[in-house]
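Reader: I am new to this structure and would be grateful for a close look at a single part of it. Please begin with one local detail of the backbone and then set out what surrounds it.

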Amino acid sequence: MRIALIAHDKKKADLLAFVQENLEIFKKHELYATGTTGSIINSHTILHINLKKSGPMGGDQEIGSMVANGKLDMIFFFRDPLTAQPHEPDVSALLRLSDVYQIPLATNIETAKLFVEAVK
């Protein structure tokens, strides 16, 4: 599967921990991530992450383009619902595209656990 990994700043540690806990599963898939999130995962795991730009610099839009062009199968996007994001319109567009193109999108750890069970 082609999987995107994205996390807002306050959720990056949570996503990294989740990926590390499920390393055996994630290493079987083709992974993409926004720049900062992907760089963190690359430096703390053995995984190869295909990096896009950071979210505020257009990375969310790049991931959205992949969704619209049929190049992603699943998204893990650990969002921070309590902090305003300067690129919120890009985030909203990505969420909308995942709905339009029926791409599963996990925005929290509990949903992500269900997704991991599905791709084992």
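Author: Gly70 follows directly on helix 4 and has a positive phi of about 70°. Helices (H or I, at least four residues) and strands (E, at least two) are DSSP runs, numbered from the N terminus. This is a predicted model, in which local features need pLDDT of at least 70 and side-chain atom pairs count only at pLDDT 80 or more, whereas totals for chains, interfaces and linings use all residues. Residues are numbered from 1 along each chain as its sequence is written, and side-chain values use heavy atoms, with hydrogens and water left out.

Helix 4 itself (residues 59-68) lies across strand 1, strand 2 (30-33) and strand 4, and runs at about 155° to strand 1. Such angles run from 0 to 180 degrees between N-to-C directions, the axes being lines fitted to C-alpha atoms, for helices over the stretch in contact. Gly59, Asp60, Ile63, Gly64, Met66 and Val67 are the buried residues of helix 4. Because they cover an arc of only 155° around the axis, they sit on the same side of helix 4. The arc is that of the directions from the helix axis to the C-beta atoms, and buried means under 20% relative accessible area, exposed over 50% and partly exposed in between (1.4 Å probe, protein chains only). An α-helix has 3.6 residues a turn, so residues three or four places apart point the same way. The cover over the buried residues of helix 4 includes strand 1, strand 2, strand 4 and helix 5.

Thr34 offers a view of this region from a loop, the one between strand 2 and helix 3 (35-44). Thr34 counts as buried, because its relative accessibility is 3%. Beyond its neighbours within four places in sequence, Thr34 is in contact (heavy atoms within 4.5 Å) with residues including Gly59, Asp60 and Ile63.

The strands beneath helix 4 belong to an open sheet of five strands in the order 3-2-1-4-5, with parallel pairing. Its edges are strand 3 (49-51) and strand 5 (105-106), each pairing on one side only. Two strands pair if DSSP finds at least two bridges between them; strand 1 (residues 2-7) and strand 4 (residues 74-78) do so in the parallel sense over five bridges. Within this pairing, Leu5 has Phe76 of strand 4 as its bridge partner.

Leu5 and Phe76 also appear among the residues that touch the most other members of the largest nonpolar core, which has 22 residues. A second, separate core of 14 residues includes Met66, together with Ala4, Val91 and Leu105. A nonpolar core is a set of buried Ala, Val, Leu, Ile, Met, Phe, Trp, Tyr and Cys residues joined through side-chain atoms within 4.5 Å.

Helix 5 (residues 88-100), part of the cover described above, lies across strand 1, strand 4 and strand 5, at about 145° to strand 4. The loop between helix 5 and strand 5 holds Gln102, which has a positive phi of about 55° although it is not a glycine. Most residues other than glycine have a negative phi. Gln102 counts as exposed, because its relative accessibility is 66%.
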